[in-house]
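Student: Could we go through this structure together, beginning with one loop residue and then turning to the interior?

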Amino acid sequence: MRGVRADPPPEPGPFTTLMAGFGYELRGAGVSVGTGDVLTYVAAASVLDPSDLVDLYWAGRATLISRREDLGTYDRVFREYFLGEDSPARSWIELNLTAVPETEAPFVVPSVDPGDAGSDDTDEQSLGLVASGLDTLKHRSFAACTPEELAALRRIMARIRLTPPRRRTRRRRPGATSGRVIDVRAMARETMRAHGEPPELYFRRRKYKLRPLILILDVSGSMAGYSRHLLQFAHTARHAAARVEVFCFGTRLTRVTRDLNPRRPDAALERAAESVVDWDGGTRIGESLDTFIRRYGRGGLARGAVVVICSDGLDRGSPEVLSSAMERLHRLCYRIVWMNPHAGHVKDFQPSTLGMMVAAPHADLLLSGHDLASLEELADLLPVLD
């Protein structure tokens, strides 16, 4: 309408300008990148985390590269644009570069221009600083981390993959080249096919099945600095392994397995927090474990399972109830792993609380759960737990 002044278009944000500049750099290096490709790259990065170097790398590789022969150029330009000394993106990605281990992979490129041979030492030094910073962050207690460091740890934690130990079942399957049980069906089939004797013997072997994994997490007030991170670790386990059950307890036991179904960790943790009514309250470990055994364990949920209990052992309940519950649980399940954040890095940790003194004799393995390195240790020990 005449006389109506149109509003000026909004100014592009810093991330939009940053990613558009990367598209222009690719175009200047000879890669065919159009304006539509850059817009798609910006849209893809906005759905992910635009401050995460890994997300920026793979979003650009999926939207800006259409030919395999351009991959080497893309890696070189990405390294120079986001890791160069005069890079405009260096201040945006500094924390993520030192926190995410997968950021090392995109920049170790075997095909580099001969003129850039002098920059190899600088890149190796940068990657060495990345590894050093990452190792320091992994061994820092959750309770001592800043909000930015906790956000970086949560992104790393989402990439942990848990594999519970396997058990040998009574069922058998064909395909073994040796064994004690002959596959009669396969032998008969090959005998008919050969019109006489089969050319070789066929056997059957036992099937293997993953054991159930049960996580029982203490969310009482004394675990306030660790409970949210342990619950996110349980969310990762829930989506990485089969047959994972998650329970939370303070003064009562709450099953939160279905609450952790959403893929987004924040949404899953919010649903779990709404279900747990005694969050940051008191602690009754014995009564909670007794409830688990009566409602779920005896019904078969704990039979042959690996039970991981995450608690500091500060119990306000009866020691006799805790001792009886741990003894019954040990008879039901395959292994009990107790994770105590107060154990820290102490190798010869001796329980000092009454609850830990009562529960420790019934636990098969005692670990710490105060930092990311201890959670990775649990993930490494689970497949070989015996």
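**A loop aspartate and the nonpolar cores**

Tutor: D315 touches T283, R284, I285, G286, L322 and G355, leaving aside residues up to four places away in sequence, where contact means heavy atoms within 4.5 Å. This is a predicted model, in which local features need pLDDT of at least 70 and side-chain atom pairs count only at pLDDT 80 or more, while totals for chains, interfaces and linings use all residues. Residues are numbered from 1 along each chain as its sequence is written, and side-chain values use heavy atoms, with hydrogens and water left out.

Student: Where does D315 lie?

Tutor: D315 is in the loop between β7 (306-310) and α12 (319-332), helices (H or I, at least four residues) and strands (E, at least two) being DSSP runs numbered from the N terminus.

Student: And how far is D315 from G355 in space?

Tutor: Their C-alpha atoms are 5.5 Å apart, although D315 and G355 are 40 residues apart in sequence.

Student: Which backbone nitrogen lies 3.0 Å from a polar atom of the D315 side chain?

Tutor: That of I285 does, and the side chain of D315 also reaches the backbone nitrogen of G317 at 3.0 Å.

Student: Switching to the interior, how many residues has the largest nonpolar core?

Tutor: The largest nonpolar core has 41 residues, and V246 and V308 have the most contacts inside it; such a core is a set of buried (under 20% relative accessible area, 1.4 Å probe, protein chains only) Ala, Val, Leu, Ile, Met, Phe, Trp, Tyr and Cys residues joined through side-chain atoms within 4.5 Å.

Student: Which helix gives the largest share of this core?

Tutor: α9 does, with five residues.

Key: Polar contact = N/O pair within 3.5 Å; in protein donor to acceptor, adjacent residues only side chain to side chain. Buried < 20%, exposed > 50% of the residue type's maximum accessible area, 1.4 Å probe, protein only.
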